[in-house]
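Grab a pencil and work through these exercises with the structure open beside you. Each task comes with a worked solution.

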Amino acid sequence: MIPVIKVFPDLEAVSRHAASIFVNLSAKSIAEHGRFAAAIPGGSTPKKLFELLASEEYKNKIDWSRVHFFWTDERCVPPEDTKSNFRLAFDVLLSKIPVPAENIHRIKGELPPEAGAQDYENNLKIFFGKSGLPVFDLIILGMGEDGHTASLFPDSDALKETEKVAVAVHYEIPPYQRGIKGVVIPLKKSEIPRITLTLPVLNNASQIIFLGSGKSKADMVGKILSDGTEKKHYPAGLVKPVHGNLLWLIDKETAKKLSRLDAR
Ligand code: 6PG
């Protein structure tokens, strides 16, 4: 699976291209099988995409009655919490489009982590069928500077999960340093547990789109998208759809460490 990499001047252009894919892929999926199942992430990068999809320019191009929203991961907080990935999507997108409430399949962060993961797994099996892995028409992912994606973190046991489609993650960000204008600061540890889709589910999607923006991601994207073997140490480097397509949409700051060969 060779990823297709498209480099854009800035996050606005990345997001516009992603919005066009969302429009086209939703129409294709709805025409082919009557619905469009998309899993969206949290974080700051997809916010512009969400805003575009909710804008007059895009929202009327999509049959929201057939679109089903899922999440790649969620923090174990109530849905109204400002740290909730659902809350982010609700505020900038879901509250502004005519998507039916029953098409919003949020991860219940208000439950105890393991119960929330089981509840999400049950809902995924109801929607996609009990046999085999869910097949998302589209999974949108971001990537952290440490190479995490969704809530799959380096060296996490969750990376070894082959049976369950959603798991609870209790992790602490390793106190790795982050150079900001030369100042090296320890990152605070986060104790908020999370719930995440597992790698086999991500890799079973028909289309995966990574969104990347800013120079803070350049080093890691350079590792993940190079031909070297280093990528296997990072969760984002383990995202290789078995049957589907993999597309990286990044801005030129994030692409700084890519060789010409990498950026196809
Ligand atoms: C989350 C996301 C996470 C995110 C990365 C990148 O729940 O936060 O799923 O995997 O995509 O941390 O975050 P930014 O887009 O803010 O850089």
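**Exercise 1.** Find what R75 offers to the ligand, then look for backbone atoms that also approach ligand oxygen.

*Solution.* Keep in mind that this is a predicted model. Start at R75: an N or O atom in its side chain sits 2.8 Å from an oxygen atom of the ligand. Next, try the backbone. A polar backbone atom of S44 is 2.8 Å from a ligand oxygen, and a backbone N or O atom of A150 comes to 2.6 Å from an oxygen atom of the ligand. Now for the cover: on its own the ligand exposes 420 Å², and the protein buries 88% of that. Finally, list the surroundings: 16 residues surround the ligand, with T45, D73, H148, A150 and K217 the closest.

**Exercise 2.** Decide whether D73 is buried or exposed, and work out what its side chain touches.

*Solution.* First, place D73: it belongs to strand β4, residues 73-75. Then check its relative accessibility, which is 4%; the cut-off for buried is under 20%, so D73 counts as buried. Its side chain makes a polar contact of 2.6 Å with the side chain of S151. Beyond neighbours within four places in sequence, D73 also has contacts that include P41, N85, I107, R194 and T196.

**Exercise 3.** Work out the strand order of the sheet that holds β4, and say which strands are at its edges.

*Solution.* The order is β4-β9-β6, an open sheet of three strands with antiparallel pairing. β4 and β6 (166-169) are the edge strands; each has a single partner, so one side of each lacks a neighbour in the sheet. On average, neighbouring strands here are turned by 15 degrees against each other, direction ignored. Zoom in on β6 and β9 (residues 194-197): they pair over four bridges, and R194 in β9 is the bridge partner of V169. To finish, add helix α5 (residues 113-128), which lies across β6 and β9 at about 165 degrees to β6.

**Exercise 4.** Trace the six-strand sheet and find the helix that crosses it.

*Solution.* Going across, you meet β1-β11-β10-β5-β2-β3, an open sheet with parallel pairing. The edges are β1 (4-8) and β3 (67-71), each with a single partner strand, so each has one side without a neighbour in the sheet. The average turn between neighbouring strands is 20 degrees, direction ignored. Take one pair: β10 (residues 207-212) and β11 (residues 245-251) share six bridges, and L211 faces L249 in β11. The crossing helix is α1 (residues 11-33), which runs at about 155 degrees to β11.

How values were computed:
Residues numbered from 1 in each chain as written. Predicted model: local features only at pLDDT ≥ 70, side-chain atom pairs only at ≥ 80, totals over all residues. Heavy atoms only, no water. Pairing = 2+ DSSP bridges. Helix = DSSP H or I, 4+ residues; strand = E, 2+ residues; numbered from the N terminus. Axes fitted to C-alpha atoms, helices over the stretch in contact; angles between N-to-C directions. Contact = heavy atoms within 4.5 Å. Buried < 20%, exposed > 50% of the residue type's maximum accessible area, 1.4 Å probe, protein only. Polar contact = N/O pair within 3.5 Å; in protein donor to acceptor, adjacent residues only side chain to side chain. Near = heavy atom within 4 Å. Areas by Shrake-Rupley, 256 points an atom, 1.4 Å probe, with all protein chains shown as cover.
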